[in-house]
Amino acid sequence: ERREDIRLTFRRIAGLAVEKGIDLFLISGDLFNSSNPSKKDLEFVFETFRMLSDNNVVIFIIPGNHDYYIPNGIWDREFNSLGENLHIFTSPKFETIDLEHFKVSVVGCTYNRHQSNFRLLEKPELKISQQNSILLFHGSYEYPNQEYQDQPFSLEELKGLPFNYIALGHYHRHLGIFSEEKKACFYPGVPE
């Protein structure tokens, strides 16, 4: 019953994106709870992505620490037929996708479980060419005087980045890190 609730919530979110005319659908990791999800879950997500894609919603995903990237794994096999409306960041280095039509650069990298203690946001190499920019990142926000292992970052590191919006993944509760006039950073939390 819990798995079905999660599926229905995901479908409702996608339906709301279509209904509201949303252009970009962002997933900052842990779409699945495993790097080898069930066939039923894969089929359900694929159908939902197909519905979004058919309605010209562009989907961006980074694999997280639960559904981490494995060469020739689900991220390479299952979703490659959805074409230009689906972008999966599978490199542990930052990649940029420019959407000139929307005047936005979307940047992301996969969660790297082999180097999870690296501070990737300390001095990242970024290529941003559009006037607006979004970062998808899966990692641990460090509260003052505490250290974390899962791609940790600090408030200072976040605020030093040139993005208008930073979509974070890893913590399962809604957490607004900061929101300013032209910059914002959030963990969305568990949707249901």
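This note sets out numbered points on a predicted model.

1. The sheet. Six strands, written here as 6 strands in the order E4-E5-E6-E7-E9-E8, make up an open sheet with mixed pairing. Its edges are strand E4 (95–99) and strand E8, each of which pairs on one side only. From one strand to the next, the twist averages 15°.

2. The parallel pairing of E5 and E6. Strand E5 (residues 104–108) and strand E6 (residues 132–138) run parallel and are joined by 5 bridges. One position can be located in this pairing: Val104 has Asn132 in E6 as its bridge partner.

3. The antiparallel pairing of E8 and E9. Strand E8 pairs with strand E9 (residues 184–187) in the antiparallel sense, over 4 bridges. The connection between E8 and E9 is a hairpin of 4 residues. Within this pairing, Phe178 has Cys185 in E9 as its bridge partner. The ring of Phe178 also has a charged neighbour: Lys159 lies over its face, at 5.4 Å from the ring centre.

4. Ser179. This residue belongs to strand E8, which covers residues 175–179. Is Ser179 buried or exposed? Ser179 counts as exposed because its relative accessibility is 56%, and the threshold for that class is over 50%. Beyond its neighbours within four places in sequence, Ser179 is in contact with Ala184 and Phe186. The C-alpha atoms of Ser179 and Asn164 are 9.8 Å apart in space, and these two residues are 15 residues apart in sequence.

5. Thr110. The loop between E5 and E6 holds Thr110. With a relative accessibility of 4%, Thr110 counts as buried. Setting aside neighbours within four places in sequence, its contacts are Pro63, Tyr69, Phe89, Thr90, Ser91, Pro92 and Gln151.

6. The cysteines. How many disulfides does a search of the whole structure find? The search finds 0 disulfides. For Cys109, the closest cysteine sulfur is that of Cys185, at 14 Å, which is too far for a bond. The converse also holds: the closest cysteine sulfur to that of Cys185 is in Cys109, again at 14 Å and too far for a bond. A disulfide would require the two sulfur atoms to lie within 2.5 Å. Cys109 counts as buried at 1% relative accessibility, and Cys185 is likewise buried, with a relative accessible area of 0%.

7. Ring pairs involving the helices. The structure holds 8 aromatic pairs. In one of them, the rings of Phe10 and Phe49 have centres 6.1 Å apart and planes at 70°, so the pair is classed as edge-to-face. Because Phe10 lies in helix H1 and Phe49 in helix H2 (residues 39–54), the pair ties together parts that are 39 residues apart in sequence. Phe10 and Phe49 are both buried.

8. Ring pairs in the loop after E6. Tyr141 and Phe153 form a tilted pair, since their ring centres are 6.1 Å apart and their planes stand at 45°. Both residues are placed in the loop between E6 and helix H4 (155–159), so this pair ties together parts that are 12 residues apart in sequence. Tyr141 and Phe153 are both buried. Ring pairs also link Tyr141 and Phe153 with Phe94 and Phe137 into a cluster.

9. Helix H1 and Ile13. Ile13 is found in helix H1 (residues 2–19). Its relative accessible area is 30%, so Ile13 is partly exposed. Apart from neighbours within four places in sequence, Ile13 is in contact with Phe25 and Pro191. Ile13 and Pro191 are 178 residues apart in sequence, while their C-alpha atoms are 8.3 Å apart in space.

10. A charge over a ring. Where does the charged end of Arg11 sit? It sits over the ring of Phe44, 4.2 Å from the centre of that ring.

Note on methods:
Residues numbered from 1 in each chain as written. Predicted model: local features only at pLDDT ≥ 70, side-chain atom pairs only at ≥ 80, totals over all residues. Heavy atoms only, no water. Helix = DSSP H or I, 4+ residues; strand = E, 2+ residues; numbered from the N terminus. Buried < 20%, exposed > 50% of the residue type's maximum accessible area, 1.4 Å probe, protein only. Contact = heavy atoms within 4.5 Å. Pairing = 2+ DSSP bridges. Axes fitted to C-alpha atoms, helices over the stretch in contact; angles between N-to-C directions. Phe/Tyr/Trp six-rings, centres within 6.5 Å; stacked < 30°, edge-to-face > 60°. Lys NZ or Arg CZ within 6 Å of the ring centre and 35° of its normal.
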